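Student: I would like a close look at one part of this model, followed by whatever else helps to place it. Please keep the account plain.

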Amino acid sequence: MSRSTLLLPLAAAGCFAQVWADGSALFGSETDSDATSAAATSSGASEGTGGPVQTVTSETPTTSSTGSLESSTTLPNVPNEPPEIVSFTVEPDTLLEAGSAEALAIVSADVVSLTLRVDGEEVWSGPPSEFAWVFHATSKAASEGTYALELVASDSEGLTASASAMLWVTLPETGTQKCVFEEDVGASWLTATVYADDALIVAGALAKPSLEATLWRLDRDSCQPQAGYPWSISQWTALPEVQPPSQIVGLALDAEGRMALAANLGSGVSRRPYIAVLSPEGALEWERLGPMGQTYSAIAAGPERFFVVGELLVGEAPPRYDGLVESYDAMGTKAWSDVLAAPLPGDSFPDDMNIYDEHPHAVLWSEDVNALVIAGERFVLADKNKRQRAIFTRYSANGAILGAWTSDGSDADEDALLSITACGDELVASGWVRNEQSTRSPATRWLDPSSDAVAKRRLDLLNSTIIQGIACDREQKFAAAASSEFTAFALGFRAGDDPFLFKLDFPDSTLKAADCDDRGFCVVGGLHGDRAWARVHHP
């Protein structure tokens, strides 16, 4: 029975050349013939079957009598010889932070099935052409340890061969600092943070010397600014009306990686809202400047749409505001606009004189509920008193309001929601609660958009503190950006009643935003002293 080597790399297609070279070096390529080579790659879950699988199969090479490469190398024709595992490794074999390791194998072509065991438990079995197994280290608590891998190869006659490999995983504690960014040019701050595939994008304002809306694209691993950044509004705008002061208040990425930003220009009641979409390289694609008396507070990207929320000034003595919700299509045409004002669904009081404000603070598009979800605060009439209460509302993609929830004050006399995130199939918003005789303290609520209600909540005893940014990592742990008057806190927790995974204090700082990447690293951003500042921590 003739036998040839079969290459089964689980890396990207670009790794094939190196694996082919390794096999050729072992067996010589000038005299062997009649073999095929296959390659597979996967980004699935650590069990090998839980995530999406990507398979890459090489072309069948051939050799001729002149020595040109016609096939993969072959082994001598030895009857009844068991199959061979030429090479079996895990690359990398050591993980010192969250990341992935994948199994790589080179086996003889008579192998018809492979079985992979980790610590004695079977995690994958199937034909060699489909071999795919990746280990994802997500946190010290979930992944720390030493893993023994055994690969068993079988041929059509039932003969087998086995090989072993080891994987060592040693990760930092949850919350440990990975890297820090601090702007060193001038006075500045951050209000938004978003992870892209190739960068950590942070946004806010930078004095140059006038205060300008500014973006930074940072390296995801070192927090160092990429070439060409910081990038300020005066460098990309084509509108002469755009003048300082200005600041970015919201940031989102669409499916193509374009950066959509919401900003405000001017100061006081004369501010104007501004929206722009930049290419991943920072080039302006389109921008729109709104009328005086309106402001933006957040932005979200949806299917071929961008959504912004903010406020509309409806009275100046004293200032009174209604909520503002707008949608733009991918090319910058305004699709619809709505005023979010009482009475909302579920209200039991009239507001004929329009004296009760609405303030949307955060927005996201949820594929799960196929709706735009907005979180914020409003003033209501409760027990004959004007009270500040948390709200969330739902809109369709076409601008129809679908439902609303207003806090009933059961947790505290007053409360608000300032940020929102998706976590698995849940929507979670954070903010604060306060009783008449106490200061504000952090609050987190799990929303139930299907019934316009709150499913559960978490209250933390941190006096005079609010959560202004919240994000969810791949283990569904939360990273929260919290601030008091003089100190900022990076908080980590899982659920409503769990203790903090970490609570880190940063004096002379304010934190306003949070986000997590696909590996589990999370960032909180704001300012330290008078400089824009962001800190990335390990999951």
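Where does P230 lie?

Tutor: The model is predicted, and what follows should be read as a description of that prediction. P230 lies in the loop that runs between strands β16 (211-218) and β17 (231-232). The peptide bond that joins Y229 to P230 is cis, and its omega is about 15°.

A cis peptide bond is also found from E91 to P92, where omega is near -10°. P92 belongs to the loop between β5 and β6 (94-95). As background, most peptide bonds are trans, and most residues other than glycine have a negative phi.

The second half of that background applies to two loop residues. D119 is not a glycine, yet its phi is positive, near 50°. D119 sits in the loop between β8 and β9, and its relative accessibility of 49% makes it partly exposed. Q476 also has a positive phi without being a glycine, in this case near 60°. The loop that holds Q476 connects β34 (466-472) and β35 (478-483). Q476 counts as partly exposed because its relative accessible area is 40%, and partly exposed covers the range between 20% and 50%.

Next come the nonpolar cores. The largest of them has 27 residues, and F88, L116 and L149 have the most contacts inside it. At least two residues of this core come from each of β5 (85-91), β7 (99-108), β8 (111-118), β9 (121-126), β10 (134-137), β11 (145-155) and β12 (160-169). F88 can be followed in detail. Apart from neighbours within four places in sequence, F88 is in contact with A103, L104 and A105, with L116, with L149, E150 and L151, and with A163, S164 and A165. There is also a second, separate core of 21 residues, which includes L215, I233, M259 and Y274.

Further along the chain is an open sheet of 4 strands, in the order β30-β31-β32-β33 and with antiparallel pairing. Its edge strands are β30 (414-423) and β33, each of which pairs on one side only. From one strand to the next, the twist averages 25°. Between β30 and strand β31 (residues 426-434), which run antiparallel, there are 9 bridges. Within this pairing, E414 stands opposite R434 of β31. In general, the strands of a sheet pair through backbone hydrogen bonds, whether parallel or antiparallel.

The edge strand β33, residues 453-459, contains R458. R458 counts as buried because its relative accessible area is 2%, and the cut-off for buried is under 20%. The side chain of R458 makes a polar contact of 3.1 Å with the side chain of D460. The R458 side chain also reaches the backbone oxygen of A495, at 2.6 Å. With residues up to four places away in sequence left out, R458 touches P442, A443, T444 and W446, together with F493, A495, G496, D497, D498, P499 and F500.

To return to the request, P230 is a loop residue between β16 and β17, and the peptide bond that joins it to Y229 is cis.

Conventions. Residues numbered from 1 in each chain as written. Predicted model: local features only at pLDDT ≥ 70, side-chain atom pairs only at ≥ 80, totals over all residues. Heavy atoms only, no water. Core = buried A, V, L, I, M, F, W, Y, C linked by side-chain atoms within 4.5 Å. Buried < 20%, exposed > 50% of the residue type's maximum accessible area, 1.4 Å probe, protein only. Contact = heavy atoms within 4.5 Å. Polar contact = N/O pair within 3.5 Å; in protein donor to acceptor, adjacent residues only side chain to side chain. Pairing = 2+ DSSP bridges. Axes fitted to C-alpha atoms, helices over the stretch in contact; angles between N-to-C directions.
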